[in-house]
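These notes are meant for a colleague who is opening this structure for the first time. Please keep the sequence and the 3D view at hand while reading the points below.

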Amino acid sequence: MQEALEDGWQDAGTPGAVLAVSTPACGLWLGAVGISTEDEALRADQVMRIGSVTKTFVATAILQLAEEGQLALDDATSDWVEGVPGGEAITLRMLLSHRSGIFNYTDDPGFWTVALGEPDKKWTPAELVAWAVAEPPLFAPDADFSYSNTNYILLGMVAEAASGQELGALVRQRFLDPLALESTSFDGLEPVAGDLAHGYLTNGDDATHFLDPSWAWAAGAIVSDVGDLVHWAEQLYGGDVLSAEMRKAMVTPLGYLAPGNGYGLGAIIVEPPASPVTAYGHAGDIQGYHTHVFYMPDQQAAFAAVTNGDDNTPNPITARVITLLAE
């Protein structure tokens, strides 16, 4: 981590990084390098915005609801959410695996014009979906793969409709409280738990409270620390949060972000030769923060790495950690 920082992260605008690693032999290790502010060193127990790692919680809620019979993965989106063109042919499984063809609302420059012009605006999920469905679909349902935040906004709406609970309460009741994830919270739906480390834009501006978190909602609004994220990965991919059958479905690739980087039902699957070992998890990118969370089933090891600046991802840390744990 220190080598990465000294190799140019600070010059490029990344103040620091935090890391947690857990192995059966050594237990939990936590570390931090760099700064949160000019007057405050970054600490491994500080919370950060985890962006799309939020999707792992939302996907797991949907999979649990399917296990309980409250919905089915092959239900049509239109069974649960109105106003999605072609929603009768788009299943929840397609939303989970980014095979819906629905346009990604955050790819619309017009959305960002409004969001940046009204940073305190509280977005409703329906408003976010409206931006997406105003654009034509990218392809017919299940014909291809394309990562879309809209899919997870819709899944958040489905989870609320199926459970009768507000999404933040659902995530807390099913995961945060039972697993004692005390530093994890759904920003915008409950108070942030813990000391939020500062994150920074490329130009050096503070992004800690850049926009109202409702713009990301079920696609990326959760805040957590690396210790909680490691525990979540261990319990999700190596524990009994899901049945063995449903967990297998979650980590079976249905599309590919890049060669060797598959995507299942809310999980990224990194496989050889892209990696020396198989790893399950997710990445998250949101203004001021980049997050990686992965579990290596053969090693029963997990790690979480977060940087607090836009310019650099945890890629060099992730690559080194995987290599070390694979040895």
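1. A good place to begin is tryptophan 217, which is buried, with a relative accessible area of 8%. In this predicted model, tryptophan 217 is found in helix H8, which covers residues 217-220, and its phi is near 35°, a positive value in a residue other than glycine.

2. Aspartate 142 also has a positive phi, of about 70°, although it is not a glycine. Its place is in the loop between helix H5 (125-133) and helix H6 (149-163), where aspartate 142 is partly exposed because its relative accessible area is 39%, a value that falls between the 20% limit for buried and the 50% limit for exposed.

3. As for the whole chain, eleven helices and twelve strands are present. The radius of gyration is 19 Å, close to the 20 Å that the globule rule gives for 327 residues, so the chain is as compact as a globular protein of that length. Taken along the principal axes, the C-alpha atoms fill a box of roughly 50 × 45 × 35 Å.

4. Of the 327 residues, 57% count as buried, and among the contacts with a separation of 6 or more, 63% come from residues 24 or more positions apart. The chain exposes about 13,000 Å², of which carbon and sulfur atoms supply 51%.

5. The charged side chains deserve a separate look, as the protein chain has 12 positive and 44 negative ones. The centres of these two sets lie 6 Å apart.

6. Helix H2 (residues 54-67) has 14 residues and reaches 20 Å from its first C-alpha to its last, close to the 20 Å expected at 1.5 Å a residue. Because 13 of its 14 residues are buried, H2 is largely enclosed by the rest of the structure. Glycine 69, whose phi is positive and near 80°, follows H2.

7. Which residues does glutamate 40 touch, not counting those up to four places away in sequence? They are Ile35, Gln46 and Asp195. Glutamate 40 is found in strand E3 (residues 40-41) and is partly exposed, with a relative accessible area of 25%. Glutamate 40 and histidine 198 are 158 residues apart in sequence, while their C-alpha atoms are 9.8 Å apart in space.

8. Finally, the peptide bond that joins proline 272 and proline 273 is cis, with omega about 5°. Proline 273 lies in the loop between strand E9 (268-270) and strand E10 (279-286).

Notes. Residues numbered from 1 in each chain as written. Heavy atoms only, no water. Helix = DSSP H or I, 4+ residues; strand = E, 2+ residues; numbered from the N terminus. Rg over C-alpha atoms; globule rule 2.2 N^0.38 Å. Buried < 20%, exposed > 50% of the residue type's maximum accessible area, 1.4 Å probe, protein only. Contact = heavy atoms within 4.5 Å. Areas by Shrake-Rupley, 256 points an atom, 1.4 Å probe, with all protein chains shown as cover. Lys, Arg positive; Asp, Glu negative; His and termini not counted. Charge placed at Lys NZ, Arg CZ, Asp CG, Glu CD. Expected span 1.5 Å × (residues − 1).
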